[in-house]
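Please read the following walk through the structure with the sequence and the 3D view side by side, taking each residue in turn as it is named.

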Amino acid sequence: MTSPVKGPAAYFPSIEKKYGRAIADWKDLIRTSPLTKHMELVTWLKTEHGLGHGHANALVAHTLAEDSSK
C-alpha cells in the first residue's frame with residue numbers, strides 16, 4: 001500500500017483539475033519567470049494567472065525546493 005502524498009505535492013491533483021494545466025507547465029512558468037523570491041512568485045501566480053494563495057504557494061515551494069536540491 002502506498003502512503004498518501006504529503007506536503008505541497010498534495011495540492012497537485014486539485015491544481016490540475018481547477019486550472020486545467022499540468023503541474024510541469026506551472027513549474028516551467030515559475031522557472032522561466034524573471035522573479036526569484038518565493039513571495040514574489042506566489043503573488044505573480046495569483047495576479048497574473050488567477051491561482052489561489054495555497055495553490056500558488058504549493059507550486060512555488062515545491063519548485064524551489066526541487067531546484068535547490070539539484
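Leu-64 has a relative accessibility of 29%, and because values between 20% and 50% fall in the middle class, Leu-64 counts as partly exposed. In this predicted model, Leu-64 has its place in helix 4, and, once residues up to four places away in sequence are set aside, it touches Thr-36, His-38 and Leu-41. Thr-47, by contrast, is 17 residues from Leu-64 along the chain, and the C-alpha atoms of these two residues are separated by 19 Å.

Helix 4, which runs over residues 53–68, also holds His-55. With a relative accessibility of 14%, His-55 counts as buried, and its contacts, leaving aside neighbours within four places in sequence, are Tyr-11, Ser-14, Ile-15, Lys-18 and Tyr-19.

Another residue to follow is Leu-59, which, not counting residues up to four places away in sequence, touches Phe-12, Ile-15, Ile-23, Trp-26, Ile-30, Leu-45 and Leu-51. Leu-59 belongs to the largest nonpolar core, a set of 14 residues in which Trp-26, Leu-45 and Leu-59 are the ones with the most contacts inside it. Two or more residues of this core come from each of helix 1, helix 2, helix 3 and helix 4, and helix 3 gives the most, with four residues.

How does helix 2 sit against its surroundings, and which of its residues are buried? In this helix, which spans residues 23–32, the buried residues are Ile-23, Trp-26, Lys-27 and Ile-30. When one looks down the axis of helix 2, these buried residues fall within an arc of 100°, and they therefore line one face of the helix. The spacing can be read against a general rule: an α-helix has 3.6 residues a turn, so residues three or four places apart point the same way. The cover over the buried residues of helix 2 includes helix 1 (12–19), helix 3 (38–49) and helix 4.

Trp-26 deserves a closer look. At 3% relative accessibility, Trp-26 counts as buried, and it is also among the residues with the most contacts inside the largest nonpolar core. The structure holds one aromatic pair, formed by the rings of Tyr-19 and Trp-26, whose centres are 6.2 Å apart and whose planes stand at 80°, so the pair is edge-to-face. Arg-21 in turn lies over the face of Trp-26, at 5.0 Å from the ring centre. Tyr-19 is also one of the residues in contact with His-55.

The charged residues come next, and a search of the whole structure finds three salt bridges. In one of them, the side chains of Lys-27 and Glu-66 meet at 3.0 Å, N to O; since Lys-27 lies in helix 2 and Glu-66 in helix 4, this pair ties together parts that are 39 residues apart in sequence. The two partners differ in their accessibility class, for Lys-27 is buried, with a relative accessible area of 9%, whereas Glu-66, at 27% relative accessibility, counts as partly exposed.

Glu-66 also meets the side chain of Arg-31 in a salt bridge, with 2.5 Å from N to O, and this pair links distant parts of the chain, Arg-31 in helix 2 and Glu-66 in helix 4, 35 residues apart. Arg-31 counts as partly exposed, at 34% relative accessibility. A further salt bridge joins the side chains of Arg-31 and Asp-67, at 2.8 Å, N to O, and because Arg-31 lies in helix 2 and Asp-67 in helix 4, the pair ties together parts that are 36 residues apart in sequence. Asp-67, with a relative accessible area of 30%, is partly exposed. Taken as a group, Lys-27, Arg-31, Glu-66 and Asp-67 are linked in a network of salt bridges.

Terms used. Residues numbered from 1 in each chain as written. Predicted model: local features only at pLDDT ≥ 70, side-chain atom pairs only at ≥ 80, totals over all residues. Heavy atoms only, no water. Buried < 20%, exposed > 50% of the residue type's maximum accessible area, 1.4 Å probe, protein only. Contact = heavy atoms within 4.5 Å. Arc of directions from axis to C-beta. Phe/Tyr/Trp six-rings, centres within 6.5 Å; stacked < 30°, edge-to-face > 60°. Lys NZ or Arg CZ within 6 Å of the ring centre and 35° of its normal. Core = buried A, V, L, I, M, F, W, Y, C linked by side-chain atoms within 4.5 Å. Salt bridge = Lys/Arg side-chain N within 4 Å of Asp/Glu carboxyl O.
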